[in-house]
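User: I would like a close look at a single aspect of the following model, namely its salt bridges and their structural setting. Please give one connected account.

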Amino acid sequence: KIALTFHRDGFQALLRQGGERFKKAGMLETAARCYAQIGDTDEAIALLEKCVERRCSNVVSLNVEPDFDELRSNPRFQELQHRIWPR
């Protein structure tokens with residue numbers, strides 16, 4: 001199925017499909033990575049916000065994860081960072 005999706009619809013579709021599967025499985029940070037990589041900033045940040053609300057331990061590396069580089073200039077992402085690491 002993965003190969004078929006990739007061949008038929010490309011890598012972006014494969015990432016979106018993965019994001020949906022991870023979201024349904026409750027793996028919100030991993031789903032957020034998929035959405036960030038395809039440029040769906042709103043969905044990626046919304047999922048990360050849920051991670052912070054649920055106190056997911058894997059958000060502590062948010063500042064250094066290259067998958068989220070494109071989100072860093074977004075005010076919502078910056079506010080999220082301040083919630084994790086208050087100054």
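Analyst: A salt bridge is taken here as a side-chain nitrogen of Lys or Arg within 4 Å of a carboxyl oxygen of Asp or Glu. The model is a predicted one, and a search of the whole structure with this criterion finds nine salt bridges.

The overall setting comes first. The protein has five helices and zero strands, so that its elements, read from the N terminus, run α-α-α-α-α. Its radius of gyration is 13 Å, close to the 12 Å that the globule rule gives for 87 residues, so the protein is as compact as a globular protein of that length. Along the principal axes, the C-alpha atoms fill a box of roughly 45 × 25 × 20 Å. Of the 87 residues, 36% are buried. Among contacts between residues at least 6 apart in sequence, 39% join residues at least 24 apart. The protein exposes about 5500 Å², and carbon and sulfur atoms supply 52% of that area. As for charge, there are 14 positive and 13 negative side chains, and the centres of the two sets lie 5 Å apart.

One of the salt bridges joins Asp67 to Arg33, with the closest N and O atoms 2.7 Å apart. This pair links distant parts of the chain: Asp67 belongs to the loop between H4 and H5, Arg33 belongs to helix H3, and the two are 34 residues apart. The partners differ in exposure class, and the class boundary that matters here is 20% relative accessible area, under which a residue is called buried. Asp67, with a relative accessible area of 25%, is therefore partly exposed, whereas Arg33, at 18%, counts as buried. The pair also belongs to a wider arrangement, since Glu29, Arg33, Glu65 and Asp67 are linked in a network of salt bridges.

Two members of that network, Glu29 and Arg33, are among the buried residues of H3. Helix H3 spans residues 28-37, and eight of its 10 residues are buried, so this helix is largely enclosed by the rest of the structure. The buried set consists of Leu28, Glu29, Ala31, Ala32, Arg33, Cys34, Tyr35 and Ala36. Helix H2 (11-24) and helix H4 (41-53) are included in what covers these residues. Just after H3, Gly39 takes a positive phi of about 85 degrees.

A further group of charged side chains involves helices H4 and H5. The side chains of Asp42 and Arg76 meet in a salt bridge with an N to O distance of 3.3 Å. Asp42 lies in helix H4 and Arg76 in helix H5, so this pair ties together parts that are 34 residues apart in sequence. Asp42 counts as exposed, at 54% relative accessibility, while Arg76 counts as partly exposed, at 31%. Arg76 also forms a salt bridge with Glu49, in which the closest N and O atoms are 3.2 Å apart. Here Glu49 is the residue in helix H4 and Arg76 again the one in helix H5, so the pair ties together parts that are 27 residues apart in sequence. Arg76 thus has a salt bridge with Asp42 and another with Glu49.

The surroundings of Glu49 add contacts and distances to this picture. Glu79 is found in helix H5 and is partly exposed, with a relative accessible area of 41%. The C-alpha atoms of Glu79 and Glu49 are 9.8 Å apart in space, although the two residues are 30 residues apart in sequence. Leu80 also lies in helix H5, which covers residues 75-84. In contrast to Glu79, partly exposed at 41%, Leu80 is buried, with a relative accessible area of 0%. Its neighbours within four places in sequence aside, Leu80 is in contact with Leu48, Glu49, Val52 and Leu62. Glu49 is therefore both a contact of Leu80 and a salt-bridge partner of Arg76, the pair tying H4 to H5. For Leu80 and Arg55, 25 residues apart along the chain, the C-alpha separation is 12 Å.

Methods
Residues are numbered from 1 along each chain as its sequence is written. This is a predicted model: local features need pLDDT of at least 70, side-chain atom pairs count only at pLDDT 80 or more; totals for chains, interfaces and linings use all residues. Side-chain values use heavy atoms; hydrogens and water are left out. Buried means under 20% relative accessible area, exposed over 50%, partly exposed in between (1.4 Å probe, protein chains only). Helices (H or I, at least four residues) and strands (E, at least two) are DSSP runs, numbered from the N terminus. Contact means heavy atoms within 4.5 Å. The radius of gyration is taken over C-alpha atoms; the globule rule is 2.2 Å times the number of residues to the power 0.38. Accessible areas come from the Shrake-Rupley method with a 1.4 Å probe; for residues, only the protein chains shown count as cover. Lys and Arg count as positive and Asp and Glu as negative; His and the chain ends are not counted. The place of a charge is taken as NZ of Lys, CZ of Arg, CG of Asp or CD of Glu.
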